[in-house]
Amino acid sequence: MANLTVAILGLDRLGASIALHLRAHEKGGKHRFRLLGYDSREDYEKPARKLKVLDKVERKPHTAAQSADIVIMNLPYEDLRTGYELVAASLRAGVVILDTAVIKQPSIQWAAEFLTDAHHMIGFTPIVPADYMLDPQLGPEQASDDYLRGSVIYITPSPKSNREAIDLAVNFTLILEGKPHFLDPAEHDSLTTITEEMPQVLSVAAYSAAMRHNAWGDAQRLTNPPFNVLTRYLLTHHPDALRDEWLANSGALARAIDDMVGTLRSLRDRLAAGDEAAIEAFLVDASDDYQDWINKRHKSAWDETPATRAQLDNTLAGAFFGSAISRRLFGGNNDADK
């Protein structure tokens with residue numbers, strides 16, 4: 001049995017759900033967790049405290065991280081660089097940082113800038129199960145211990161990542177009852193441009209276009225769920241976070257916007273021409289592909305390659321033993337390397 005200290009920096013739905021799952025995992029008797037939390041956002045910190053699964057919620061990120069074996073770096077994007085800078089001097093040797101940011105390459109750069117060779121950062125992107133896909137609420141009030149159960153978790157090590165830290169990320173994924181997969185950080189960021197950042201851009205652009213329309217004064221009173229769902233990123237994300245994230249991935253995002261503009265122009269031309277057949281073809285093509293995708297998403301029926309799936313027989317996942325990091329984190333005396 002191992003006694004692990006896990007610091008969760010960022011107590012949104014994801015961070016709080018990880019805490020809930022780790023606490024539930026203790027009932028099996030294999031590991032014990034000391035769970036420390038931090039969040040600067042009062043509307044997240046207070047509800048997270050009320051869950052009563054964290055041993056302590058700290059007021060400073062470095063205080064939460066200083067004794068941790070594992071740090072879940074789940075801060076809002078606008079706070080992420082500062083977060084690395086603040087915790088760097090307090091981290092213990094051998095700590096593994098699991099970074100949940102939407103894009104990973106900036107985090108790799110910040111880790112290289114602020115951390116030492118004794119600290120190990122691994123990209124860590126949970127993909128929630130299909131049952132939660134239409135539930136966009138991000139607060140800890142919606143956290144649950146099964147939020148990641150059965151989910152795919154993408155592990156994105158850098159070329160310099162320590163092998164034992166990568167194994168630790170796989171092991172931790174298994175504790176969360178997730179399915180570990182590997183992605184190159186650059187490939188990860190190119191893909192999340194489409195699935196994460198483009199929805200943000202469309203959300204903000206839709207509201208910006210609406211508020212500039214000469215009929216907005218009257219139209220704003222006719223705002224039912226479709227409009228509110230579309231524009232929700234202005235509620236859930238700080239403008240600074242969107243600005244920093246978009247600029248950090250500006251090249252890929254600009255190309256994705258070009259593709260979207262081309263699609264919208266084509267649709268506009270078909271509408272202007274009153275081309276019923278072309279519009280119907282546009283809708284049917286998208287609808288058919290959507291049905292195919294949503295079925296695969298619910299079944300997790302993807303064409304996967306061995307390079308994508310984590311090869312568990314080549315990691316320490318089976319026994320949780322074998323390396324300096326894993327002996328301390330998953331077996332033996334947890335105080336040995338302090």
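These legends go with a set of close-up views of a predicted model.

**View 1. Eight strands line up in an open, mixed sheet.**
Welcome to the sheet, where the strand order reads 3-2-1-4-5-6-7-8. Strand 3 and strand 8 stand at the edges, and each has a single partner strand, so one side of each is left without a neighbour in the sheet. Helix 6 packs on the sheet and touches strand 2, strand 4, strand 5, strand 6, strand 7 and strand 8. The direction of helix 6 makes about 30° with that of strand 6.

**View 2. At one edge of the sheet, strand 3 pairs with strand 2.**
Here you can follow two bridges that join strand 2 and strand 3 in the parallel sense. To find one of the contact points, look for leucine 36, whose bridge partner in strand 3 is lysine 56. Strand 3 also belongs to the cover over the buried residues of helix 2. Those buried residues of helix 2 are Tyr44, Glu45, Pro47 and Ala48.

**View 3. The largest nonpolar core gathers 38 residues.**
Good places to start looking are Ile18, Leu22, Leu98 and Phe172, the residues with the most contacts inside this core. Two or more residues come from each of strand 1 (2-9), helix 1 (13-25), strand 2 (31-38), strand 4 (70-73), strand 5 (96-99), strand 6 (120-127), strand 7 (152-156) and helix 6 (163-175). Helix 6 gives the most, with seven residues. Apart from this core lies another one of 26 residues, among them Ala7, Tyr38, Val71 and Leu115. As background, nonpolar side chains in soluble globular proteins tend to be buried together.

**View 4. Leucine 98 sits among partners from several parts of the chain.**
With neighbours within four places in sequence left aside, leucine 98 is in contact with Ile70, Val71, Ile72 and Met73. The list of contacts goes on with Ile122, Phe124, Ala169 and Phe172. Leu98 and Phe172 will be familiar from the previous view, as both are among the residues with the most contacts inside the largest nonpolar core.

**View 5. Arginine 13 is a buried charged side chain in helix 1.**
Is arginine 13 buried or exposed? Its relative accessibility is 3%, and because buried means under 20% relative accessible area, arginine 13 counts as buried. A polar atom of the arginine 13 side chain lies 3.1 Å from the backbone oxygen of glutamine 142. Not counting residues up to four places away in sequence, arginine 13 touches Tyr132, Asp135, Gln137, Leu138, Gly139, Pro140, Gln142, Ala143 and Tyr147.

**View 6. Arg23, Glu26 and Asp55 form one salt-bridge network.**
Arginine 23 makes a salt bridge with glutamate 26, the closest N and O atoms being 3.0 Å apart. Arginine 23 also makes a salt bridge with aspartate 55, where the closest N and O atoms are again 3.0 Å apart. The second pair links distant parts of the chain: arginine 23 is in helix 1, while aspartate 55 is in the loop between helix 2 and strand 3, 32 residues apart. Glutamate 26 counts as buried at 12% relative accessibility, whereas aspartate 55 counts as partly exposed at 47%. In the model as a whole, the count comes to 17 salt bridges.

**View 7. A salt bridge spans about one turn of helix 4.**
This view stays within helix 4 (residues 77-88), where arginine 81 and glutamate 85 are four residues apart. The closest N and O atoms of this salt bridge are 3.9 Å apart. Both partners count as partly exposed, arginine 81 at 36% relative accessibility and glutamate 85 at 43%.

**View 8. Lysine 52 and glutamate 177 take positive phi values.**
Most residues other than glycine have a negative phi. Just after helix 2, however, lysine 52 has a positive phi of about 60°. Lysine 52 is found in the loop between helix 2 (42-50) and strand 3 (56-57), and it is exposed, with a relative accessible area of 73%. For glutamate 177, phi is about 65°. Glutamate 177 is found in the loop between helix 6 and strand 8 (179-182), and it counts as partly exposed at 39% relative accessibility.

How values were computed: Residues numbered from 1 in each chain as written. Predicted model: local features only at pLDDT ≥ 70, side-chain atom pairs only at ≥ 80, totals over all residues. Heavy atoms only, no water. Core = buried A, V, L, I, M, F, W, Y, C linked by side-chain atoms within 4.5 Å. Buried < 20%, exposed > 50% of the residue type's maximum accessible area, 1.4 Å probe, protein only. Contact = heavy atoms within 4.5 Å. Polar contact = N/O pair within 3.5 Å; in protein donor to acceptor, adjacent residues only side chain to side chain. Pairing = 2+ DSSP bridges. Axes fitted to C-alpha atoms, helices over the stretch in contact; angles between N-to-C directions. Salt bridge = Lys/Arg side-chain N within 4 Å of Asp/Glu carboxyl O.
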